[in-house]
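This report looks at one protein model for a first-year reader. Please have the sequence and the 3D view open while reading.

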Amino acid sequence: MILVVCANPALDRLLVLTELNLDGVNRASQVEVTVAGKGINVARAIRTMGFDSHLYLFLGGDNGIKVANGLSKEYLPFDAWPTLGETRLTTVIHEEKMNRHTVVNEIGPLVPFGSSLTLIHSIEKQLKPDDYLILSGSLPRGVRRDFYSALIYIAQQKKAYSVLDSSGLPFSLALNSIPFLIKPNVKEAEEALGFAILSLDDKIKAVHCFQKLKIPLIILSDGPKGLVVGYHDEVFIVKADNTLRGGGFSIGSGDTLVGGVVAQLSQQADVQDAILFGTACGLANTFCSGAGVFNLDMAHQFMEHIFIEKYYSSKRR
């Protein structure tokens, strides 16, 4: 079973413009409102792949009701606990001319301590050996910064696999608990490690730093520049060939990647095959306006153009 914690869900409001006119009037050619938050995007992607997952969220107010209704319409099973205040609204502005996204995140609601504690206890009851527990996104106000650390510890006690995709202090603190898999992007890795990541050698250095913490699987993402992946003592590079270009919608592609990798690993797939499949799904997501939304046939076609370029061994460095 795949359990997904989405502590800070949202309603996404996508506005599609030709070009954003600052200090002027803008008219959207397209408006879409969807339920979102990194964990929801992951669960949606897993559903598209034909697998099941279960979401754990904090929801509040009218926006929380809309998120719950949206999840039910998408047949995404979930449990939710109340917040003090409205579930946040995220505004995404997509400029067609510049092929550029601008994201405006609201501060979000306050989560009572009782809601956090009940979610943790629910995970503790539901998690079984060899399950995957995905911890995805930021933490809302009121939730302890070591929230993910506690859940990783529970996964270890249950002999389950924890997957961490977050940022800032919650991410840094959780590293010390040694999750099974982490998926930082370059900016998140820079914040956690304290040095600039500007080149391929910098990325390999960053992966080695995470490997020194004994984290088994590291996926360092850098958008169209591909991935640097660490698996135990090995490091390898994942890229697409020159014939393949991404689409214009990057929001949610990293979440789709996580969903693809975990879905495959939960079926005992080889790690490299899981990485290639997840990368193809993430790339397919860039051709769809919805986060975690992609065409599975397109992803399978993309797999023919994605490859592992080089290997490095941390034992030799």
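The text below covers one helix, the nonpolar cores, and a few single residues.

The model is predicted: local features need pLDDT of at least 70, side-chain atom pairs count only at pLDDT 80 or more, and totals for chains, interfaces and linings use all residues. Residues are numbered from 1 along each chain as its sequence is written, and side-chain values use heavy atoms, with hydrogens and water left out.

**Helix α3**

Helices (H or I, at least four residues) and strands (E, at least two) are DSSP runs, numbered from the N terminus. Helix α3 spans residues 113-126, which makes 14 residues. From first C-alpha to last it reaches 20 Å, close to the 20 Å expected at 1.5 Å a residue; the expected span is 1.5 Å times one less than the number of residues.

Which residues of α3 are buried? They are S115, S116, L119, I120, S122 and I123; buried means under 20% relative accessible area, exposed over 50%, and partly exposed in between (1.4 Å probe, protein chains only). These residues cover an arc of only 160° around the axis, so they lie on the same side of α3. The arc is that of the directions from the helix axis to the C-beta atoms. An α-helix has 3.6 residues a turn, so residues three or four places apart point the same way. On the other side of α3, F113 and K125 are exposed. The cover over the buried residues includes β1 (2-6), β4 (54-59), β5 (78-82), β8 (132-136) and α4 (147-157).

**Nonpolar cores**

A nonpolar core is a set of buried Ala, Val, Leu, Ile, Met, Phe, Trp, Tyr and Cys residues joined through side-chain atoms within 4.5 Å. The largest has 50 residues, of which L55, I134, V238 and L265 touch the most other members. Helix α9 (residues 271-285) gives the largest share of this core, nine residues. A second, separate core of 42 residues includes Y56, I152, I215 and I237.

**Single residues**

Most residues other than glycine have a negative phi. D23 has a positive phi near 60°, and Y75 has a positive phi of about 60°.

| Residue | Place | Relative accessible area |
|---|---|---|
| D23 | loop between β2 (10-17) and β3 (30-36) | 88%, exposed |
| Y75 | loop between α2 (61-73) and β5 | 60%, exposed |
| A174 | helix α5 (residues 168-175) | 0%, buried |

A174 and Y148 are 26 residues apart in sequence, with their C-alpha atoms 5.8 Å apart in space.

Notes. Contact = heavy atoms within 4.5 Å.
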